[in-house]
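Trainee: I would like to go through this model by asking about single residues, pairs and helices. Where should we begin?

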Amino acid sequence: MTRSSRPSRPKSLIKQLDASTARVWIIDAAGELIHFSPALAEWLGKSNETADSQAVQTLPEHWVDALRPDPSIRFRSHQTRRITLIQAGNHSPHRGEGSGSRSEEALTAVAHWVSLGTSGYTLGCLGEFLRDSDVPLADWLGEGGLRQESQLRELIAKHRSSNARTADILLAGESDAAELLRRRVTAATSMRCHLGLFTNTNASSRELALWLHDASTPDESLTIVDGALMDAELLEAYAAPAIHSINRSESGRGDATLLIERLDEMPDDAQLKLTQWVEVFGDHLRLIGLLDPARVMETQSKTNPTVDPLDAQIAELTHVPQAVTGIAKPLLNLMCAMPITIPRLQDRREDIPALALALLHEAHRSNQSRKQSTKRELPRLGRDALDALTLYPWPNDFDELAEAMTSALGRVVGDRIGREHLPLVIRSYRVGPNLSSEKKSEPDNNDSNFRIHSLDEAVQKYERELIDRAMNAAEGNKAEAARRLGISRARLLRKLDG
């Protein structure tokens with residue numbers, strides 16, 4: 001935008017500023033200087049008694065650049081730094097007390113900028129200013145005022161950036177599972193609708209859910225609750241911010257999003273309360289649910305490889321009672337409207353090298369931002385390390401891979417990460433059972449004599465033994481036993497009932 005084609009100026013604000021003795025100026029949304037006060041003009045050795053546009057035109061371009069704030073003001077809403085104006089020609093600015101230092105070559109002063117809300121204008125002024133850390137919080141327009149709001153905005157921006165990076169890595173890869181995930185995520189971010197994330201609740205799935213919310217409705221309030229810990233009374237308390245956001249609008253109901261972790265483990269009375277809210281508030285309340293799928297119909301996916309496993313799984317879930325799925329039918333229908341499944345690493349092994357390298361880059365970037373004085377080059381992943389990563393079954397999935405890359409980066413000394421730098425559980429993993437630690441059932445070790453009555457019965461027996469051990473260790477607590485087994489409580493209940 002040129003200086004001659006500016007939008008309308010805030011005339012009332014300009015009138016008030018010109019009536020004061022403050023050395024102030026105004027920057028518009030495009031970053032252009034549109035006005036400076038008579039006091040600033042006097043300090044600069046200029047005159048703005050003519051038309052404002054003509055007065056602004058008389059300033060050198062490098063002076064205008066110095067009067068602009070840094071781009072970071074978009075996140076913090078305010079900024080303080082020292083500016084230097086290089087003198088040109090014979091103009092001699094008039095120095096005021098406490099406003100800066102005058103010399104024949106340069107003029108320096110401390111400048112402060114404040115973003116004027118949603119108007120798009122930024123107000124700049126000269127004077128003596130304390131650092132933000134030296135200003136008492138109560139002085140920023142009272143407790144919870146401007147300074148706290150700017151800090152909160154900066155923190156939110158950092159969290160959103162982190163969530164976006166995690167989502168980008170999670171969506172990477174060339175496998176069919178990765179391609180399906182990207183397509184579902186693209187569809188989910190293009191509209192505001194209920195979302196069901198069929199995956200275990202962990203750091204990566206939580207960050208993906210937050211990123212989906214930010215990408216689709218960034219200005220909508222978000223409330224997070226852990227469904228496994230909620231009864232109806234607790235749900236009302238923890239979800240109060242979302243309900244308040246819907247009811248507080250005077251012209252009509254507002255919108256809010258409720259993110260429920262471990263939705264399939266939410267008690268029945270809390271699910272009933274949630275269902276009632278959806279009926280009462282309608283589309284004003286959006287749900288994003290994280291729930292562990294009951295089981296994938298492997299037989300159907302094997303007989304018909306073109307069938308999406310998640311669609312087959314959902315088809316099965318909709319025909320079983322709540323006692324089995326752990327989620328009420330109305331809520332399940334909402335979650336199935338836009339379902340997203342995060343594929344396990346063992347189902348997308350061809351993506352592991354790319355994911356590992358991306359996570360290594362992220363861990364290295366994070367280290368460098370924390371340790372500015374110890375810059376080091378990013379080490380490469382050796383072939384032996386990649387083979388070990390691809391072979392490992394990843395019981396804790398994406399989060400475990402991220403932790404492995406962070407751990408390897410902390411161990412490596414040179415420029416290459418080898419198998420020896422990976423966590424012990426990964427570098428020591430071998431395919432197949434460890435026969436040396438098991439008692440042989442046959443007097444000889446001749447594979448030609450191997451035979452069992454029924455593989456299904458053997459697997460069920462071994463699974464039942466593991467469940468019994470977990471229940472004994474948890475002293476009968478089913479939720480704790482499920483955590484020890486690495487499965488959801490709903491899935492454990494199905495195993496016990498079966």
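Mentor: Begin with a loop: R262 sits between β9 (256–261) and α11 (268–281). Keep in mind throughout that the model is predicted.

Trainee: What is the phi of R262, which is not a glycine?

Mentor: R262 is found in the loop between β9 and α11. Its phi is positive although the residue is not a glycine. The value for R262 is about 50°.

Trainee: Is W394, in the loop between α17 and α18 (397–411), buried or exposed?

Mentor: W394 also has a positive phi in a residue other than glycine, near 55°. For the burial of W394, the cut-off is 20% relative accessible area, under which a residue counts as buried. W394 has a relative accessible area of 2%, so the residue is buried.

Trainee: Which class does S205 fall in, buried or exposed?

Mentor: S205 is found in helix α8 (residues 203–216). Its relative accessibility is 0%, so S205 counts as buried.

Trainee: How far apart are the C-alpha atoms of S205 and E261?

Mentor: Along the chain, S205 and E261 are 56 residues apart. In space, their C-alpha atoms are separated by 9.6 Å.

Trainee: Turning to charges, how many salt bridges does a search of the whole structure find?

Mentor: Side chains of opposite charge can pair when their charged atoms come close. The cut-off applied here is a side-chain nitrogen of Lys or Arg within 4 Å of a carboxyl oxygen of Asp or Glu. On that basis, the number of salt bridges found in the whole structure is 20.

Trainee: Which residue meets E32 in a salt bridge, at 3.7 Å from N to O?

Mentor: E32 lies in the loop between β1 (24–27) and β2 (33–36), and its partner lies 36 residues away in the loop between α4 (61–66) and α5 (73–76). Both residues of the pair are buried. The partner of E32 is R68.

Trainee: Which residues are joined into one network with E32 and R68?

Mentor: The network arises from salt bridges that share partners. Besides E32 and R68, the residues joined in this network are E61 and D65.

Trainee: How close are the closest N and O atoms of R165 and E362?

Mentor: R165 and E362 form a salt bridge. R165 lies in helix α6 (residues 146–170) and E362 in helix α16 (residues 352–370), so the pair ties together parts that are 197 residues apart in sequence. The closest N and O atoms of R165 and E362 are 2.8 Å apart.

Trainee: How do R165 and E362 count in accessibility?

Mentor: Partly exposed residues fall between the 20% limit for buried and the 50% limit for exposed. R165 has a relative accessible area of 25%, and E362 is at 22% relative accessibility. R165 is therefore partly exposed, and E362 likewise counts as partly exposed.

Trainee: Which residue forms a salt bridge with R416 at 2.7 Å, N to O?

Mentor: R416 is in strand β13 (residues 416–417), and its partner is in helix α17 (residues 383–391), 32 residues apart. R416 is partly exposed at 29% relative accessibility, and the partner, with a relative accessible area of 25%, is partly exposed as well. That partner of R416 is D384.

Trainee: How are α20 and α21 oriented to each other?

Mentor: Two packed helices are described by the angle between their axes and the distance between the axes. The axes of α20 and α21 (residues 478–485) come within 8 Å and cross at roughly 125°, and α20 passes α21 in a right-handed crossing. An angle between 115 and 145 degrees counts as oblique, and α20 and α21 are therefore oblique.

Trainee: What separates the C-alpha atoms of L466 and R484?

Mentor: L466 lies in helix α20 and counts as partly exposed at 31% relative accessibility. L466 and R484 are 18 residues apart along the chain, and their C-alpha atoms are separated by 10.0 Å.

Trainee: What is the area of the nonpolar surface patch that includes L455?

Mentor: L455 lies in helix α20 (residues 455–473). At 56% relative accessibility, L455 counts as exposed. Together, I452, L455 and V459 make a nonpolar surface patch of about 280 Å².

Conventions:
Residues numbered from 1 in each chain as written. Predicted model: local features only at pLDDT ≥ 70, side-chain atom pairs only at ≥ 80, totals over all residues. Heavy atoms only, no water. Patch = residues over 30% accessible without salt bridge, like charges linked within 9 Å, V, L, I, M, F, W, Y side chains within 5 Å. Areas by Shrake-Rupley, 256 points an atom, 1.4 Å probe, with all protein chains shown as cover. Helix = DSSP H or I, 4+ residues; strand = E, 2+ residues; numbered from the N terminus. Buried < 20%, exposed > 50% of the residue type's maximum accessible area, 1.4 Å probe, protein only. Axes fitted to C-alpha atoms, helices over the stretch in contact; angles between N-to-C directions. Parallel < 35°, antiparallel > 145°, perpendicular 65-115°, else oblique. Left-handed = near helix turned anticlockwise from the far one by under 90°.
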